[in-house]
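Trainee: I'm new to this one. Could you pick a single spot and walk me through it closely, then show me how the rest fits around it?

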Amino acid sequence: MINITLPGKPKNQKRHKFGRGFVYDPSSKDKKLIKEGLQKYAPKLPLKGDIFIQLYFHLPYPKKWFRTGKYAGILKDNAPLWHTTKPDIDNIAKIYLDSMNDIIYNDDRQIVWLTCIKQYSLEPKTEITIRERHEVNTTELLQREQSQYN
């Protein structure tokens, strides 16, 4: 199992730009920063085989959810936990999954199970848990998944 914590506001994958005979990736700088942060967690060789990943995106609260005056810096009682506005969770996940290619695993096509959570936090960060197949009780996972639909 590999546990990764990348401090700072989670980044999101931006759309490629086309123009004058070339394609520009506006997320290339963000990907480079993420890859640099992943290096210290990298195994000696990229993982092979089936990969199970959990992504936890902790995004900062907007100013409107904080109290003012004497209680400045304290969250309001009605501040939400779940982040339901942009960026979309799939765009955040995409940049992190792509950035782990050739560092943590060979290719993101190895991922067979992906769980993502996007929530507000006082400490913006991205937490990633990576497991190989032998570290996961797949029977238990499948039973839990099946019970949600019964």
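**A close look at S27**

Mentor: Let's start with one pairing: a polar atom in the side chain of S27 sits 2.7 Å from the backbone nitrogen of K14. That fits the idea of a polar contact, meaning a pair of N or O atoms within 3.5 Å where, within protein, one must be able to donate a hydrogen and the other to accept it, and residues adjacent in sequence count only if both atoms are side-chain atoms. Before going on, keep in mind that this is a predicted model, where local features need pLDDT of at least 70, side-chain atom pairs count only at pLDDT 80 or more, and totals for chains, interfaces and linings use all residues. Residues are numbered from 1 along each chain as its sequence is written, and side-chain values use heavy atoms, with hydrogens and water left out.

Where is S27, then? You'll find S27 in the loop between β3 (22-24) and α1. Helices (H or I, at least four residues) and strands (E, at least two) are DSSP runs, numbered from the N terminus. S27 has a relative accessible area of 0%, so it is buried; buried means under 20%, exposed over 50%, and partly exposed in between (1.4 Å probe, protein chains only). Setting aside residues up to four places away in sequence, S27 touches N12, Q13, K14 and I95, where contact means heavy atoms within 4.5 Å.

For contrast, try C116, in strand β5 (residues 111-121). C116 counts as partly exposed because its relative accessibility is 28%. Beyond its neighbours within four places in sequence, C116 is in contact with L55, F57, I89 and A93.

Now the wider setting. The largest nonpolar core has 23 residues, and I53, M100, I104, Y105, I128 and I130 touch the most other members. Two or more residues each come from β1 (2-7), α1 (28-38), β4 (51-60), α2 (89-99) and β6 (125-132). By nonpolar core I mean a set of buried Ala, Val, Leu, Ile, Met, Phe, Trp, Tyr and Cys residues joined through side-chain atoms within 4.5 Å. Take I128: leaving out neighbours within four places in sequence, its contacts include I2, I4, L6, I53, L55, Y96 and M100.

Stepping right back, the chain has three helices and six strands, running β-β-β-α-β-α-β-β-α along the sequence. Of its 150 residues, 33% count as buried. Among contacts with a separation of 6 or more, 81% join residues 24 or more positions apart.
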